[in-house]
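Student: Could you walk me through reading cavities, domains and strands in a model like this one?
Tutor: Gladly; let us look at it together.

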Amino acid sequence: MERHGSTIPDVGNARLSLGDAFDKYRGSFYTLIVLVILMIIWNLAANKIQNTLLLPYFSETAMEFITAWGDPVIMFNLGLTLKRVFTGFLYAFIIGVPLGLLMGYSATAMQSLAPLMNSIRQVPIMAWVPLSIIWFGLGDGPTVFLIAMSAVFPLAINTIAGVEGIDSNYYNAARSMGASRRDLVRDIVVPGAMPNILTGCRLAMGAGWMSVICAEFIATSAGFGFLMVEAQVRLETAQLYALMVMSGLVGYAIDKVFVAFERKMTSWRFKDGFVGS
Amino acid sequence: MALLEVKDIRKTFTQKRKPPHIVLENLSFSVERGQYVSLLGPSGCGKTTLLTMLGGFMSADTGQIYLAGKKVEGPGPDRGFVFQNYALFPWMTVQENILYSLKVQNFNKREREKRLQELLDISHLHGSENKYPIQLSGGMQQRVAVVRALASRPEILLLDEPLGAIDFQMRELLQEELAALVEEAQTTVVMVTHDVNESVYLSDRVIVMSANKGRIIKDMYIDLPRPRSRQSQAFKEYVSELTELVRQAFREGGSYRQADIPARDRGVDNNFVASYNRMHSRYTNVANGRSRAVK
């Protein structure tokens, strides 16, 4: 291409390039480096401390981690916990999303419900544990309740923000084309708030996964959280570490699934290389 | 009887701890079927407020608006409204956007399909019907917005600064597209603009409104053959005469500022317009032949 006026030397991409295949996995490669460095620090620390009760060697923990995936007891309890999380999330979704849509759409609903909702959500989630045990006894009941309780607020609040963020001209445009109130809810409110609803789902799922493990410490004698308490009681620190890593990875995987779902549900935001929030 | 009759409109905006601001007073005019009328004036003359009332999104304090003999009381499909930011539904494809009015008015599938083909024909949007608005250039978005408003054959098309968000180089090109599109659709148009050149290029008739209570200071017919040439002597004379009138309209306004109107009464959400424009600047750049912004 012919250039006019001042010329800027074209240095191209200043980053070190190791070919397309590498560029694709650049992120994973950096993650791997960080993990290796962490592993080295871990082993150095374990050498220094020389107490496997406090800090077992990395290799020991890694072995526990690998065997854990084949351990039927652990897998059964993980499945149980996941079932509780999804049940609790489902309840939170059924309550939180319609509530958020209503509060975002109707000023009256907002004014009457917001103070109540904003005070209830200030109650720490663990403070619900005694009450939930009184209500539901031990077992699935209180854990599902606690998950729903911690998931419902991120869902409702994000849904409200989503509805409030819809440009008023979308409503005006739809009404000038003859849309009824029902059409507005179906075609403007719900799809307009959808990106925020899905963000709410991610946050709610995260909150649910974090609270379920806490809930299982106390309110039940089965589940992933209960296994952690067991490992602690039996002084199997390596297994405890492995279980903690597992809980992190499972939460991460759930989040990834939700991100993929989000991209699929609101694909209109991601067309032509445009990347939304 | 004229197609559109505006009679003695008065509109006041009130804000806490501020004297009421009279935007429009004793405003009357009528528009004949088939006319292309521009409401021209400096910002703050109430032209967008008036258009918003014609659209039915806002009501007047006193006075009436009649369209084809029927009193305007709220938005309806007898008026096609094109918003400044187009307000295309980003979650719907071009086709879904265009056919939205037919969908909510329960037209059957065959009628919708037939109308879609007609509208794609006049807007030259064949091949883009399954794209999303975000994938379109500014000019294509404009065409989608116009044919969407035309879809259910409204009596009148209301355009709120349809090219206000487009930068200068694109503007003239899009004015030509708009002129062709409106001519093909053979509809009545009321357009709000602050661009003198645009009003002369597009309209049969220009109404100049003053920043002082929206007083009509001139109602001028543009007697030029179409398609119009911006280079002709007559065109330039119209432009210079109207430019002088707009200056006069501005001077009448006194100390009025746009910020004095509460945002909800301005008819458009300005924050949204700004963010929308930022989001889409990439596409207008592409349409201008500039290089694509770095991702």
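Tutor: A cavity is a set of grid points where a 1.4 Å probe fits but cannot get out, and its lining residues have an atom within 4 Å of a point. Keep in mind that this is a predicted model.

Student: How many cavities of 30 Å³ or more does the structure hold, and what is the volume of the largest cavity?

Tutor: There are 2 cavities of 30 Å³ or more, and the largest cavity has a volume of about 70 Å³.

Student: Which residues lie nearest the centre of the largest cavity?

Tutor: Among its 13 lining residues, those nearest the centre are A:Ser176, A:Met177, B:Phe81, B:Arg148 and B:Ala149. Three elements give two or more residues to this lining: α8 (168–176) of chain A, and β6 (79–82) and α5 (138–150) of chain B. The largest share is 3 residues, and it comes from β6(B).

Student: What does the lining of the largest cavity have by class?

Tutor: By class, it has 7 nonpolar, 4 polar and 2 charged residues.

Student: Let us turn to pockets. A pocket is an open set of points rather than an enclosed one, so what is the volume of the second largest pocket, and which residues line it?

Tutor: The second largest pocket has a volume of about 390 Å³. Its lining is made of A:Leu35, A:Leu38, A:Met39, A:Trp42, A:Phe58, A:Thr61, A:Ala62, A:Phe65, A:Ile66, A:Ala242 and A:Val245. The elements giving two or more residues are α2 (26–49), α3 (58–68) and α11 (237–265) of chain A, and α3(A) gives the most, with 5 residues. Sorted by class, the lining of this pocket has 10 nonpolar residues, 1 polar residue and no charged ones.

Student: Where does the second largest pocket lie with respect to the domains of chain A?

Tutor: Start with the division of the chain: domain 1 of chain A covers 2–47 and domain 2 covers 52–271. Both domains of chain A give residues to the lining of the second largest pocket, so the pocket lies between them.

Student: How far apart are the C-alpha centres of domain 1 and domain 2 of chain A?

Tutor: Those C-alpha centres lie 34 Å apart. The contact between the two domains takes 6 residues from domain 1 of chain A and 6 residues from domain 2 of chain A.

Student: Now for a strand. Is β1 of chain B mostly covered or mostly uncovered?

Tutor: The general idea is that side chains in a regular strand alternate between the two faces of the sheet. As for β1(B), residues 4–13, this strand is mostly covered, with 7 of its 10 residues buried.

Student: Which strands pair with β1(B)?

Tutor: One partner is β2 (residues 21–31) of chain B, joined to β1(B) by 7 bridges and running antiparallel. Within that pair, B:Ile9 stands opposite B:Leu27. β1(B) also pairs with β4 (residues 62–67) of chain B, in the antiparallel sense, over 5 bridges. Here B:Lys7 has B:Gln64 as its bridge partner.

Student: Why does B:Gln64 count as partly exposed?

Tutor: Partly exposed runs between the 20% and 50% cut-offs. B:Gln64 has 30% relative accessibility, so this residue counts as partly exposed.

Student: Which residues is B:Gln64 in contact with, leaving aside neighbours within four places in sequence?

Tutor: Its contacts are B:Glu5, B:Val6, B:Lys7, B:Ile9 and B:Lys71. By contrast, the C-alpha atoms of B:Gln64 and B:Ser199, 135 residues apart along the chain, are separated by 26 Å.

Definitions and conventions. Residues are numbered from 1 along each chain as its sequence is written. Chains are lettered from A and ligands numbered from 1 in the order in which they are written. This is a predicted model: local features need pLDDT of at least 70, side-chain atom pairs count only at pLDDT 80 or more; totals for chains, interfaces and linings use all residues. Side-chain values use heavy atoms; hydrogens and water are left out. On a 1 Å grid over the protein atoms alone, a cavity is a set of points where a 1.4 Å probe fits but cannot get out, and a pocket is an open set with protein on both sides within 12 Å along at least five of seven lines; lining residues have an atom within 4 Å of a point. Grid points are joined across faces, edges and corners, and a volume is the space filled by probe spheres set on the points. Helices (H or I, at least four residues) and strands (E, at least two) are DSSP runs, numbered from the N terminus. Ala, Val, Leu, Ile, Met, Phe, Trp, Tyr, Cys and Pro count as nonpolar, Asp, Glu, Lys and Arg as charged, and the others, Gly among them, as polar. Buried means under 20% relative accessible area, exposed over 50%, partly exposed in between (1.4 Å probe, protein chains only). Two strands pair if DSSP finds at least two bridges between them. Domain bounds come from an automatic or database domain assignment. Contact means heavy atoms within 4.5 Å.
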